[in-house]
Amino acid sequence: MDGDAWNDCFDSMERAAWRLETLPVYTMPQEAEKLKRFLAGEKSPDDYTSAWMDEVRQWASEGKSVGRVHVVTRPLSDYLRFEFEYYYRHHVKAGEDIRILDITERESPGLPDRDFWMFDESKVVLMNYRADGTQINRELYKGDPEPYRQWKRIAVAESVPFLEYVSG
């Protein structure tokens, strides 16, 4: 699922989009240069903005919500430190509900070890990745979405808001 079919998931949502992220690294060619600069010590500018942030603001103005929980273990990977600095700290300002579930010193609360997006608590898109974090594809899940709704409830209940996590 890509192109128009993928974009339609966001365009057609009526209430909410939510994602579970489980990987310590996502290999995205368009981020390579920015990641390299981050690893060399560059911080993201305080006035950073992006098309994603514009979308989040637009959805919020329409009464829709966007959120995610990222399952992590410490020490955080270089990629996660980059993602927190370059994206998450700005995305929460735009209105995205980003939460962190740190399972370093505890058992996982029974969540799947795969990423997915869920739209309006009913449409699930499985995000398929290689071991190195390179995306293989996106796949519309055709089964009962109830397990995904339960995993979302667990992930949200067991996680903390991003800003709380990074300030603690």
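Lys-43 sits out in the open: with a relative accessible area of 56%, this residue counts as exposed. That value, like everything else here, comes from a predicted model. Lys-43 belongs to the loop that links α2 (32–39) and α3. Even so, the residue has company from further along the chain. Setting aside neighbours within four places in sequence, Lys-43 touches Glu-85 and Tyr-86. Tyr-86 is 43 residues away along the chain, yet the C-alpha atoms of Lys-43 and Tyr-86 are 7.5 Å apart.

Next come the two helices α3 and α4. Two packed helices are described by the angle between their axes and the distance between the axes. For α3 (residues 51–61) and α4 (residues 78–94), the angle is about 25 degrees and the axes lie 9 Å apart. Because roughly parallel covers angles under 35 degrees, α3 counts as roughly parallel to α4. The crossing of α3 past α4 is right-handed. On the α3 side, the contact is built from Trp-52, Met-53, Val-56 and Arg-57, while α4 brings His-90, His-91 and Ala-94. By character, the residues of this contact split into four nonpolar, two polar and one charged.

Then there is the sheet. Strands of a sheet pair through backbone hydrogen bonds, either parallel or antiparallel. Here, seven strands make up an open sheet with mixed pairing, laid out in the order β6-β5-β4-β1-β2-β3-β7. At the edges are β6 (135–140) and β7 (160–161), each with pairing on one side only. Helix α5 (residues 146–158) lies across several of these strands, namely β1 (16–21), β2 (65–72), β3 (97–102), β4, β5 and β7. Relative to β4, α5 runs at about 105 degrees.

Strand β4 deserves a closer look. Five of its five residues are buried, so β4 is largely enclosed by the rest of the structure. In a regular strand the side chains alternate between the two faces of the sheet. In β4, Asp-115, Trp-117 and Phe-119 are on one side, with Phe-116 and Met-118 on the other, and both faces are covered. On one flank, β4 pairs with β1 in the antiparallel sense over four bridges, and Arg-19 stands opposite Trp-117 there. With β5, strand β4 (residues 115–119) is also antiparallel, and five bridges hold that pair together. Two of the matches in β5 are Val-125, the bridge partner of Trp-117, and Leu-126, the bridge partner of Phe-116. Trp-117 therefore turns up in both pairings, opposite Arg-19 and bridged to Val-125, in a strand that is largely enclosed by the rest of the structure. The hairpin of β4 and β5 has three residues between its strands, and within that hairpin Asp-120 takes a positive phi near 55 degrees.

Further along β5 (residues 123–129) comes Asn-128. Unlike the exposed Lys-43, Asn-128 is buried, at a relative accessible area of 14%. Because buried means under 20% relative accessible area, Asn-128 qualifies with its 14%. Beyond its neighbours within four places in sequence, Asn-128 is in contact with Arg-114, Thr-134, Gln-135, Ile-136, Asn-137 and Glu-139.

Terms used. Residues numbered from 1 in each chain as written. Predicted model: local features only at pLDDT ≥ 70, side-chain atom pairs only at ≥ 80, totals over all residues. Heavy atoms only, no water. Buried < 20%, exposed > 50% of the residue type's maximum accessible area, 1.4 Å probe, protein only. Contact = heavy atoms within 4.5 Å. Pairing = 2+ DSSP bridges. Axes fitted to C-alpha atoms, helices over the stretch in contact; angles between N-to-C directions. Parallel < 35°, antiparallel > 145°, perpendicular 65-115°, else oblique. Left-handed = near helix turned anticlockwise from the far one by under 90°. Nonpolar A, V, L, I, M, F, W, Y, C, P; charged D, E, K, R; others polar.
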